[in-house]
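Visitor: Please take me through one part of this structure in close detail. I would like to see what surrounds it, and then where empty space is left inside.

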Amino acid sequence: MFEINNKKVETYKVENYTFNVIKDFYKYPDKVLNLISKVEPQWHKHFSGFFHQGVDFKDLRHYIYTNNITPVYEFLESITGEKALDFGDGHYKKLVNTNYIKFLNHKYDNHIFYPHTDWGKTAIVYLNKEKSKGTNFYHPIKYEPGEEHEEHFINSDQVEILHHIDSEYNKLIIWEGKNLYHGLCMDPKYTDEWRINQPFFFRS
């Protein structure tokens, strides 16, 4: 199910940041999406009713454990030059999880959705069928991240958009998640359907 279809990496730079793209990444992306759809998603970090969580959007995650995903982690380790992040749960390189988000209103369309950084390099596979707005990458101007879901939406003058990558079905992207602020680019379509991708986290 998680067989890799394409290992051809396209690499380019924006300023001093390196981005990698692999199109048509999975051989059977529909099967991956079907598996994810069978698992009940869970609230991410905070339950519904915590400030914006469950009020202005639903921020959920799927968690699936399978040995079949391990070769994907190992391939991405060879690309990133970093080790897959071990969350200490005893299931190293066996986790399939998602970013699964849906907006409940348009109150914050003129704001930026929680720019943040990760532990090392980050990869995601986009799993929405139709092309849409994907991920923004930012230079902070006067921005320090607050608590997720509470201090979540920020004014657009707090960051400068450095780069944007569209969401296209079964496209994998890799970027320097530790050094580069990033976050989803809000798209009105995500009030009608769920925004879904599969992330992979690494650490040097």
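Guide: This is a predicted model. Start with what packs over helix α2. The cover on its buried residues includes β2 (17-22), β6 (83-84) and β7 (95-97). Also among the covering elements are β10 (122-126), β14 (172-175) and β16 (195-203).

Now the helix itself. α2 spans residues 70-80. Its buried residues are T70, V72, Y73, F75, L76, E77 and T80. A general point helps in reading that list. An α-helix has 3.6 residues a turn, so residues three or four places apart point the same way. Just past the end of α2 comes G81, with a positive phi of about 75°.

Next, the empty space. Rolling a probe the size of a water molecule over the atoms shows where such space is left. Here there are two cavities of 30 Å³ or more. The largest has a volume of about 120 Å³. Its lining counts 14 residues, and Y73, L85, F87, K93 and L95 are the closest to its centre. Y73 is also one of the buried residues of α2. Two strands from the helix cover return here: β7 and β16 each give at least two residues to this lining. By class, the lining has eight nonpolar, two polar and four charged residues.

The second largest cavity holds about 70 Å³. Residues lining it include D56, F103, N105, H106, Y108 and D109. F153, M186, D187, P188 and T191 line it too. This lining splits into five nonpolar, three polar and three charged residues.

Notes
Residues numbered from 1 in each chain as written. Predicted model: local features only at pLDDT ≥ 70, side-chain atom pairs only at ≥ 80, totals over all residues. Heavy atoms only, no water. Buried < 20%, exposed > 50% of the residue type's maximum accessible area, 1.4 Å probe, protein only. Helix = DSSP H or I, 4+ residues; strand = E, 2+ residues; numbered from the N terminus. Contact = heavy atoms within 4.5 Å. 1 Å grid on protein atoms, 1.4 Å probe; cavity = no way out; pocket = protein on both sides within 12 Å on 5 of 7 lines; lining within 4 Å. Points joined across faces, edges and corners; volume = space filled by probe spheres on them. Nonpolar A, V, L, I, M, F, W, Y, C, P; charged D, E, K, R; others polar.
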